[in-house]
Amino acid sequence: RVDSTSHTTLSDGICLHHRNGLDWQEHCNQWENIPDRIWRKNCMNDRKLPLHELVRYRIPAKYPKSWIYYIGDEEPSEYLIEDFKSDGISLIHREKHNLLSDEDIAKAARLKTLHISAETHRNLFEVVDYFTCAEIESFIGNSVSTFSANQIALRNGMKSSWYNSRSIPLGEVLPVYHIPLVYTYTEESQGLGKSLLKASILSVRGTFGMSADIHILYHGQNDWQFLMWLKKYSVIVHTHEPQWLDMIETMRQNGNPAHSHLFLHQGNYIGTWQRIDLPLFIDAEYVLFVDSDTIISNTFGMHDFGLDVTPGLAASAEADEDFKVPWNVGVVLFNVPKLRETHDLFLKFINSHTDNPRFANNNISDQGAYLEFYADVTQFLDTTFNVKPYWGNRRNFKDRKIVHFHGLKPHDFLKIFMGYPVDSWAVALHSLLSKKGKKMEFVCMVMHDFSKFVSKDEENLREYCENAFGRDGEKKVDVCIKFFSDLGAEDRNNVSCTKHVRGVNSSFSNIRTFLRFFS
């Protein structure tokens with residue numbers, strides 16, 4: 001076994017598959033220049049950087065590695081070994097370090113001859129390397145190579161990255177490459193946030209089953225009941241102790257609540273910034289970061305982001321769905337190695353804005369920081385990954401993958417149904433309340449998405465309704481529970497809310513009263 005060479009374990013290592021031989025270089029030259037207008041620009045080292053640097057950017061600081069099992073077109077040079085040694089990593093090669101003799105391989109394969117070599121039995125040696133690599137927890141390879149693409153698929157897309165970055169061409173015909181989902185949470189946030197987060201996690205499990213990894217950067221250690229709940233649903237919890245809390249609190253105090261309700265609550269504001277430290281924890285090439293107020297409606301994978309996938313981050317539209325410019329970061333596709341490479345510089349950039357949390361294009365807080373700092377490596381994320389209930393394009397709702405209750409949460413729409421006056425909401429939300437183009441049909445559709453999953457946990461549903469309506473009396477809490485329970489019990493996707501709105505309690509609303517909010 002590979003780990004028998006030292007006192008380390010398989011989890012301390014990485015399998016590294018490196019293609020750099022002359023035959024590979026020739027293949028890349030031909031492949032990248034096929035005149036069919038298909039994007040193929042990631043066959044060699046990303047940005048032509050040295051291999052050890054590319055590997056360094058693919059190792060999370062919180063989970064360091066001490067050795068690498070190297071598979072390449074040739075033995076690793078002494079220079080390459082020294083490069084990795086300077087990063088505190090031992091490079092191990094099967095033949096160079098006599099881990100397994102050719103004679104032992106021949107015997108294990110029950111060959112008639114013991115005189116074999118990589119030249120005469122290339123496929124056999126590839127099989128040995130393939131299964132040795134498969135035993136090692138983390139993998140870094142070249143996603144254009146079939147060997148590497150198979151290793152990534154073998155790991156279900158998890159704990160895998162590729163030093164050439166960008167897309168996995170095989171994924172276009174074999175859509176098996178899942179992408180990890182990442183949340184953040186602080187115990188200092190308001191109770192509504194935890195209830196929404198639970199519903200979102202339940203939507204991942206309800207949509208993907210156990211095939212997708214869910215990570216959460218978790219700040220706090222007292223809410224053991226919630227931690228046990230996360231364990232029950234196989235959420236990978238990373239204990240997060242941010243070193244930048246004072247910096248962010250200064251920024252919050254300098255913020256204007258009229259521009260964002262998040263400035264009103266210290267814990268909620270911390271939560272929006274926790275993603276800063278995502279690259280310290282996550283072992284992956286790409287992740288999809290999702291806010292707690294999202295619902296995963298349909299499955300997706302790496303193939304859904306195209307071949308020319310972002311080298312930095314991808315974000316979608318916000319208030320105007322037809323404004324195809326990266327803007328809202330409630331759902332973001334992140335290139336994790338790029339975040340890791342720039343982590344320290346990004347923190348310095350944020351620190352330079354603590355006196356005024358406004359960034360380029362009048363954008364604020366974390367959203368503004370990401371869009372300005374990573375502007376050169378930012379792409380547009382298809383709107384179906386960040387569908388807002390107040391949008392009006394049928395295609396977005398029909399093909400929705402993720403619903404994002406941006407600004408107005410599910411209970412806010414219920415309050416609209418119940419006839420609450422506009423001054424019941426914070427000033428920052430008034431523009432969304434009065435926004436033209438909201439369609440009752442589409443709001444019902446996404447409210448049904450939410451109801452299906454929030455109602456799967458009766459205790460969480462009650463907590464959600466108590467947090468949302470508790471100040472207004474137990475009767476309205478009961479209305480909330482009944483509404484989401486009844487709507488969630490509907491089997492059909494295209495559900496009309498009207499009968500459930502009438503059913504909540506006719507004394508709370510008149511249908512015509514709330515219909516003025518919709519077109």
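This briefing covers a pocket, a set of salt bridges and two unusual backbone angles. The model is predicted. Its second largest pocket has a volume of about 760 Å³. The salt bridge count comes to 27. Two arginines, Arg47 and Arg166, have a positive phi although neither is a glycine.

**The second largest pocket**

- The second largest pocket is lined by 28 residues.
- Nearest its centre lie Gly72, Asp73, Arg122, Glu126 and Asp129.
- Three elements give two or more residues to this lining: strand E2 (67–72), helix H5 (122–134) and helix H6 (146–154).
- H5 supplies the largest share of the lining, six residues.
- By class, the lining has 12 charged residues, eight polar and eight nonpolar.

**Salt bridge Arg19–Asp73**

- Asp73, one of the residues nearest the centre of the second largest pocket, also forms a salt bridge with Arg19.
- The closest N and O atoms of Arg19 and Asp73 are 2.6 Å apart.
- The pair links distant parts of the chain, 54 residues apart.
- Arg19 sits in the loop between strand E1 (13–18) and H1, while Asp73 sits in the loop between E2 and helix H3 (78–85).
- Arg19 counts as buried because its relative accessibility is 12%, under the 20% limit.
- Asp73 counts as partly exposed, at 31% relative accessibility.

**Salt bridge Lys96–Glu75**

- Glu75 forms a salt bridge with Lys96, and their closest N and O atoms are 3.9 Å apart.
- Lys96 lies in the loop between strand E3 (90–93) and helix H4 (102–108), and Glu75 in the loop between E2 and H3.
- The pair therefore ties together parts that are 21 residues apart in sequence.
- Lys96 is partly exposed, at 26% relative accessibility.
- Glu75 is also partly exposed, with a relative accessible area of 37%.

**Salt bridge Arg275–Asp291**

- The side chains of Arg275 and Asp291 meet in a salt bridge, at 3.6 Å from N to O.
- This pair links distant parts of the chain, 16 residues apart.
- Arg275 is in the loop between helix H10 (266–273) and strand E9 (286–290).
- Asp291 is in the loop between E9 and strand E10 (294–296).
- Arg275 is buried, at 2% relative accessibility.
- Asp291 is partly exposed, with a relative accessible area of 22%.

**A salt bridge network**

- Asp382, Arg395, Lys398 and Asp399 are joined into one network.
- The salt bridges of this network share partners.

**Positive phi at two arginines**

- Arg47 has a phi of about 55°.
- Arg47 lies in the loop between helix H1 (22–32) and helix H2 (51–56).
- Arg47 is partly exposed, because its relative accessible area is 44%, between the 20% and 50% limits.
- Arg166 has a phi of about 65°.
- Arg166 is found in the loop between strand E5 (160–162) and strand E6 (181–186).
- Arg166 is buried, with a relative accessible area of 15%.

Definitions and conventions
Residues are numbered from 1 along each chain as its sequence is written. This is a predicted model: local features need pLDDT of at least 70, side-chain atom pairs count only at pLDDT 80 or more; totals for chains, interfaces and linings use all residues. Side-chain values use heavy atoms; hydrogens and water are left out. Helices (H or I, at least four residues) and strands (E, at least two) are DSSP runs, numbered from the N terminus. Buried means under 20% relative accessible area, exposed over 50%, partly exposed in between (1.4 Å probe, protein chains only). On a 1 Å grid over the protein atoms alone, a cavity is a set of points where a 1.4 Å probe fits but cannot get out, and a pocket is an open set with protein on both sides within 12 Å along at least five of seven lines; lining residues have an atom within 4 Å of a point. Grid points are joined across faces, edges and corners, and a volume is the space filled by probe spheres set on the points. Ala, Val, Leu, Ile, Met, Phe, Trp, Tyr, Cys and Pro count as nonpolar, Asp, Glu, Lys and Arg as charged, and the others, Gly among them, as polar. A salt bridge is a side-chain nitrogen of Lys or Arg within 4 Å of a carboxyl oxygen of Asp or Glu.
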